[in-house]
Amino acid sequence: MRIYFPTVRAGRVLLLAAGFALATPPATLHAQATGQGAAPEGNARTPRVPSHCIALAGDIPGARFAALPAGAGPRTASRRARARDPLPEEMVRLSYLAHASFLIETPGGLSAVTDYTGFIGATDFFPDVATMNRAHETHWTAMPDPRIPHVLKGWGPTAEGVEHRLDLGEMLVRNVNTDIRSAFDETVDRNGNSIFVFEVAGLCIGHLGHLHHEPDAAQYAALGRLDVVMAAVDGGTTLDLPRMMRVLRRLRSSVVLPMHWFRGGSLERFVAAASAEFDIRQEGENSVTLSLRSLPRRPTVIVLRPNYLRAPQPD
């Protein structure tokens, strides 16, 4: 049995599943969603494995839907160069590039870069999707690579913000608007930024961006349950450490990937604060490969080391 509580966002009613839905393990929810223990194999277009994320953005008027022509999407992506080695079915790889930029890769060859700045390394590779937020120039660019099919800005032309719902078949990208402080004074730019959510391989992956306030109840409802979250842990220009810890407790994600840390001090302070509630994994790795079934049983902070992409070297 599911119980739904209505909550209001921008004058519209959203439904937040509670109780059974949020208490059920992700793998069980995946089986309930698909009617089987695993996704069917052999699909030429690599369809998206349904996630248990409460994807409410589809009910929001004005959301942006991308209609792909025949032959586009995963099939097209798999024909061009990948950033790294192919992935097994139902696995997702997240690689930390720099600052707040991560590369997300799917088994079907789709890829997305968060907080895209125009540079991802000494490589000719370009992603299918680039998301940006406008806190300052290290989170966006006015001149994105024109080859990138989908460049999603986390802000709109007015205080109404922007709504994205980009369905690429294997991956769904959507956003939840947040407010942002001015870089010059204490004024607040309403709906001037976004948290981006990537639904892929049954996982719900969130990038909190340059978060300046704790989400309200409606924003948490719109986000849904995030299995993996990329969180700014600098403790200063974004949220201070106590408030960021409250956000992470509320999200209850299985995996937290720290980002936006400067040198070692801010990262060390975050790890020390999180160690009482999270397992800590620091192995010097640059990327992590996850699946719905491989998520840790206990919430875990995985510290990745930033490293830009490099072109393959000839043998």
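This section describes an open sheet, a helix pair and a buried strand in a predicted model. Residues are numbered from 1 along each chain as its sequence is written, and side-chain values use heavy atoms, with hydrogens and water left out. In this predicted model, local features need pLDDT of at least 70 and side-chain atom pairs count only at pLDDT 80 or more, whereas totals for chains, interfaces and linings use all residues.

Six strands form an open sheet in the order E9-E8-E6-E5-E4-E17, and their pairing is mixed. Strands (E, at least two residues) and helices (H or I, at least four residues) are DSSP runs numbered from the N terminus, and two strands pair if DSSP finds at least two bridges between them. The edges are formed by strand E9 (150-153) and strand E17 (287-290), each of which pairs on one side only. From one strand to the next, the twist averages 15°. At the E17 edge, strand E4 (residues 92-98) is joined to E17 by four bridges in the antiparallel sense; Leu94 has Val288 of E17 as its bridge partner.

Helix H5 (residues 241-251) packs with helix H6 (residues 265-274), their axes coming within 11 Å and crossing at roughly 50°. Axes are lines fitted to C-alpha atoms, for helices over the stretch in contact, and angles run from 0 to 180 degrees between N-to-C directions. H5 is therefore oblique to H6, since angles under 35 degrees count as roughly parallel, over 145 as roughly antiparallel, 65 to 115 as roughly perpendicular and the rest as oblique. The crossing of H5 past H6 is right-handed, that is, the near helix is turned clockwise from the far one by less than a right angle. Leu241, Met245 and Leu248 of H5 make the contact (heavy atoms within 4.5 Å) with Arg269, Phe270, Ala273 and Ala274 of H6. By class, this contact comprises six nonpolar, no polar and one charged residues, where Ala, Val, Leu, Ile, Met, Phe, Trp, Tyr, Cys and Pro count as nonpolar, Asp, Glu, Lys and Arg as charged, and the others, Gly among them, as polar.

Strand E15 (residues 255-259) is mostly covered, with five of its five residues buried (under 20% relative accessible area, 1.4 Å probe, protein chains only). Val255, Leu257 and Met259 lie on one covered face, and Val256 and Pro258 on the other. Strand E14 (residues 228-232) pairs with E15 in the parallel sense over five bridges, and Val229 has Val256 of E15 as its bridge partner. E15 also pairs in the parallel sense with strand E18 (residues 300-303), over two bridges; here Thr300 of E18 is the bridge partner of Val255.

Key
Buried < 20%, exposed > 50% of the residue type's maximum accessible area, 1.4 Å probe, protein only.
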